[in-house]
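Hi,

Here is the structure I promised to pass on to you. Have a look at it first, then read on for my notes.

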Amino acid sequence: MQRIFSGIQPSGIPQLGNYLGAIRNWVNLQADHECVFCLVDMHAITVWQDPQKLHEQTLAQTAILLASGIDAQKHILFNQSAVSAHARLAWIFNCVSRLGWLNRMTQFKDKAGKDRENHSSGLYVYPNLMAADIMAYKATRVPVGEDQKQHLELANDIAQKFNHDYGVEFFPQVEALIPPAAARVMSLRDGTRKMSKSDPSAQSRIEMTDDADTIALKIRRAKTDSEVLPDTFDALEGRPEARNLVTIYAALADISVNDVLARHQGEGFGPFKQALSDVVISAIDPIAKETQRLLQDKAHLVSVLRSGAERAQAIAEPVVTEAEKIVGFVK
Ligand code: AQP
């Protein structure tokens with residue numbers, strides 16, 4: 001059985017893009033993979049996080065993952081900082097990875113923007129830590145949204161260079177598992193920017209804890225244009241907001257984008273948004289309600305993470321200890 005590693009940052013409440021790009025895929029992959037799911041709190045602090053919020057968001061995210069169908073007994077669910085192997089391997093990878101490779105990472109450029117000099121060095125070396133997360137488990141498959149594809153290519157480059165520099169065949173190559181539908185969900189306010197849990201505008205995203213009224217309101221307010229829906233997806237070229245809403249509908253209703261348009265062609269956005277709200281609410285509302293229930297028992301959520309960390313540690317510790325010996329550290 002192949003081992004999967006995948007992570008999500010507790011940098012906010014997961015949004016619909018995290019769900020469609022990652023979480024839903026994780027749930028499905030549990031049937032035929034050995035899964036290690038990680039709340040990557042060390043990645044989260046690469047940008048400022050209020051400590052109390054980070055703590056709350058980590059527990060809220062645990063609840064959301066369980067409510068979405070992650071089986072924390074059969075698989076592993078834990079928070080990154082609880083397993084020190086991640087940080088140790090990340091340091092080795094900081095010394096293997098090249099500055100030129102990091103300079104090409106588009107996520108850093110997107111997040112740092114023009115104010116590059118004022119961002120943390122952690123944000124810059126984020127992809128090295130991500131490579132360590134995966135390689136500490138010698139995972140061979142990593143389910144991610146399309147935005148993370150470049151980081152996975154870098155993880156493979158780092159693994160290859162480590163093996164080459166030290167003359168070993170130690171770290172495997174990993175394969176990105178990118179979902180076919182809605183690999184990139186865009187902001188409800190700007191169809192050219194990805195939906196993000198840390199976007200300053202809560203109106204830009206559907207959060208996994210939003211209730212039905214909030215979801216309906218956000219969709220009603222979503223930016224659109226004044227044209228009607230055409231009969232094919234290709235005809236939506238140049239209409240990013242419309243493409244995004246149709247893509248979300250298709251992904252959640254589990255039908256093709258052209259089937260969505262076959263049902264709604266000729267409609268304006270008033271009726272289409274109503275139909276879309278129904279689809280989104282029926283997918284998200286049960287998860288939001290179960291999340292609220294799970295959040296009543298925080299001690300249980302902490303114990304889920306603790307048990308996951310013990311099992312994660314049992315896999316990662318021998319791998320990272322061996323990597324340290326390969327490097328020449330006295331163990
Ligand atoms: N808009 C998106 N569409 C599809 N997939 C997405 N993912 C994130 N946004 C979208 C996927 O969710 C997984 C976890 O992401 P993350 O929390 O590690 O970081 P991120 O990609 O930076 O997500 P956010 O929501 O944009 O977080 P912030 O705002 O904190 O940076 C990944 O597999 C990602 O591909």
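Below is what I found, going from the whole chain down to single residues.

First, a caveat: this is a predicted model.

**The whole protein**

The protein has 13 helices and 5 strands. Its C-alpha trace spans about 70 × 45 × 40 Å along the principal axes. Is that what a compact globule would give? What I can offer is the radius of gyration: a compact globule of 331 residues would have one near 20 Å, and the protein has 21 Å, so the two agree. Buried residues account for 44% of the 331 residues. If you take contacts between residues at least 6 apart in sequence, 77% of them join residues at least 24 apart.**Two domains**

The protein splits into domain 1 (3-183 + 298-327) and domain 2 (209-293). Their C-alpha centres lie 30 Å apart. Where they meet, domain 1 puts in 9 residues and domain 2 puts in 8 residues. On the domain 1 side, α1 (16-29) and α3 (51-68) each supply at least two residues, and α3 gives the largest share, with 4 residues. That side of domain 1 has 8 nonpolar residues, 1 polar residue and no charged ones.

**Around the ligand**

Which residues come nearest to the ligand? They are G17, G21, G145, S196 and S198, out of 23 residues around the ligand. Two elements, β1 (3-8) and α1, give two or more residues to this shell. The largest share, 5 residues, is from α1, the helix that also supplies residues to the domain 1 side of the domain contact. By class, the shell has 7 nonpolar, 12 polar and 4 charged residues.

**D133**

An unreviewed UniProt entry lists D133 under "binding site". You'll find D133 in helix α7 (residues 121-135). Is D133 buried or exposed? It has 27 other C-beta atoms within 10 Å, and 20 or more are needed to count as buried, so D133 is buried. Leaving out residues up to four places away in sequence, D133 touches F5, G7, C38, V40, Q80 and H86.

**L16**

L16 is in helix α1, and L16 is buried because 26 other C-beta atoms lie within 10 Å. Apart from neighbours within four places in sequence, L16 is in contact with V185, M195, R205, I206 and I248. L16 and L229 are 213 residues apart in sequence, and their C-alpha atoms are 23 Å apart in space.

**Two residues with positive phi**

K138 and D254 are worth a click too. K138 is not a glycine, and its phi is positive, near 45 degrees. K138 is in the loop between α7 and β4 (141-143). With 16 C-beta neighbours inside 10 Å, K138 counts as partly exposed.

D254 also has a positive phi without being a glycine, and here the value is near 60 degrees. D254 is in the loop between α10 (240-253) and α11 (257-264). Only 12 or fewer C-beta neighbours make a residue exposed, and D254 has 10 others within 10 Å, so D254 is exposed.

Have fun looking around!

How values were computed. Residues numbered from 1 in each chain as written. Predicted model: local features only at pLDDT ≥ 70, side-chain atom pairs only at ≥ 80, totals over all residues. Domains from an automatic or database assignment. Contact = placed C-beta atoms within 7 Å. Nonpolar A, V, L, I, M, F, W, Y, C, P; charged D, E, K, R; others polar. Near = placed C-beta within 6 Å. UniProt positions renumbered as here; feature names shortened; annotations may be inferred. Rg over C-alpha atoms; globule rule 2.2 N^0.38 Å.
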